[in-house]
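New to this one? Take a look at the model first, and then we'll talk it through.

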Amino acid sequence: MTYDDDTQEENKQDYLCIDLENLSLEELREYVLFLEREIKRTNIEISNKTSALGEANSVFKTKN
């Protein structure tokens, strides 16, 4: 039986283990550009989720 947490942990390992030693200078530069785009994309997703969480908390917040 596989649990989602196990699968997610395996996926985390995949994107952290790139062998840079065998890449050319051009490939390394392209990889850096890719990572910079991923950082921007990830920050946007963090912002979206933070906003959604704030909205959800305001909806479900109990008034005393």
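**A quick tour in questions**

Q: Is Tyr-31 buried or exposed?
A: Keep in mind that this is a predicted model. Tyr-31 has a relative accessible area of 18%. Buried means under 20%, so Tyr-31 counts as buried.

Q: Which residue does Tyr-31 form an aromatic pair with?
A: The count comes to 1 aromatic pair. Its rings sit 6.4 Å apart, centre to centre, with 20° between the planes, so the pair is stacked, as planes under 30 degrees apart count that way. The two residues are 3 apart in helix α2, which means about one helical turn separates them. Tyr-31's partner is Phe-34.

Q: How does Phe-34 class, buried, partly exposed or exposed?
A: Phe-34 has a relative accessible area of 36%. The partly exposed class runs between the 20% and 50% cut-offs. So Phe-34 is partly exposed.

Q: Which two side chains meet in a salt bridge?
A: The structure holds 1 salt bridge, and its N to O distance is 2.7 Å. Both residues belong to helix α2, which covers residues 25–60, and being 3 residues apart puts about one helical turn between them. One partner is partly exposed at 24% relative accessibility, while the other is exposed at 53%. In that order, they are Glu-38 and Arg-41.

Q: What share of the protein chain's residues is buried?
A: The chain has 2 helices and 0 strands. It exposes about 6400 Å², with carbon and sulfur atoms supplying 54% of that area. Of its 64 residues, the buried share is 2%.

Methods. Residues numbered from 1 in each chain as written. Predicted model: local features only at pLDDT ≥ 70, side-chain atom pairs only at ≥ 80, totals over all residues. Heavy atoms only, no water. Helix = DSSP H or I, 4+ residues; strand = E, 2+ residues; numbered from the N terminus. Buried < 20%, exposed > 50% of the residue type's maximum accessible area, 1.4 Å probe, protein only. Areas by Shrake-Rupley, 256 points an atom, 1.4 Å probe, with all protein chains shown as cover. Salt bridge = Lys/Arg side-chain N within 4 Å of Asp/Glu carboxyl O. Phe/Tyr/Trp six-rings, centres within 6.5 Å; stacked < 30°, edge-to-face > 60°.
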